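This report describes one protein chain and the ligand bound to it, beginning with the packing of a single helix. Please consult the display below while reading.

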Amino acid sequence: MQAETILKPLFLPALALALLAACQRTPASETFVVAPPPSSAERGETLARSVCAGCHAIDRTGTSPNPNAPPFAAVVNREGVTAETLSAFLADAHNYPREMDFSVHESAVDDLVAWMLTLKDPGYRPQG
Ligand code: HEC
């Protein structure tokens with residue numbers, strides 16, 4: 001029973017401190033939440049910008065820095081191009097043209113494809 005008398009006086013101040021800390025933590029941590037975690041398409045955009053954009057136009061509009069590399073918008077708006085055909089292409093580096101001297105890790109394929117599919121647009125017209 002002695003333990004109880006020792007613990008009780010400690011417990012209340014400790015509880016008060018814990019509650020105080022909890023109240024302070026909430027607004028403090030919220031100031032660090034600047035954006036939700038990136039979606040698959042957003043991760044794909046970041047990747048495309050760093051890895052693919054040297055050759056391909058990776059946005060809705062624009063011409064490719066490498067004239068032999070089709071703009072991503074032109075690729076995805078071609079008839080018959082789907083998530084499946086793009087994934088199959090990117091998942092197997094043996095499909096790649098000679099210029100694409102790399103392979104894409106399987107965990108990045110879905111993200112790249114998700115980004116590319118955001119460029120699908122029924123009103124797409126190839127840029128001259
Ligand atoms: C060094 C230049 C270069 C880089 C970097 C590059 N590509 Fe390419 N890519 C090309 C060229 C050139 C072609 C077209 C080759 C052809 O048609 O013979 C091509 C073709 C493609 C195609 C096929 C398009 C079609 O006509 O069906 C896809 C899809 C593609 N690239 C995706 C990517 C992705 C995704 C990345 C980044 C992870 C990337 N490329 C990075 C040069 C590049």
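The buried residues of helix α5 pack against α2, α3 (72-76) and α4; here contact requires C-beta atoms, placed from the backbone, within 7 Å. These buried residues are Asp111, Leu112, Val113, Trp115 and Met116, where buried denotes 20 or more other C-beta atoms within 10 Å of a residue's own. An α-helix has 3.6 residues a turn, so residues three or four places apart point the same way.

The model is a predicted one: local features need pLDDT of at least 70, side-chain atom pairs count only at pLDDT 80 or more, and totals for chains, interfaces and linings use all residues. Residues are numbered from 1 along each chain as its sequence is written.

The protein chain contains 5 helices and 0 strands, helices being DSSP runs of H or I with at least four residues and strands runs of E with at least two, numbered from the N terminus. Of its 128 residues, 16% are buried.

The ligand is surrounded by 18 residues, each with its C-beta atom, placed from the backbone, within 6 Å of the ligand. The closest are Cys52, Cys55, Asn68, Ala69 and Pro97. Helix α2 (40-52) gives the most to this shell, with 3 residues, and α4 (83-91) supplies at least two. The table divides the shell by class.

| Class in the ligand shell | Number of residues |
|---|---|
| Nonpolar (Ala, Val, Leu, Ile, Met, Phe, Trp, Tyr, Cys, Pro) | 13 residues |
| Polar (the others, Gly among them) | 4 residues |
| Charged (Asp, Glu, Lys, Arg) | 1 residue |

Terms used
Buried ≥ 20, exposed ≤ 12 C-beta atoms within 10 Å, placed from the backbone. Contact = placed C-beta atoms within 7 Å.
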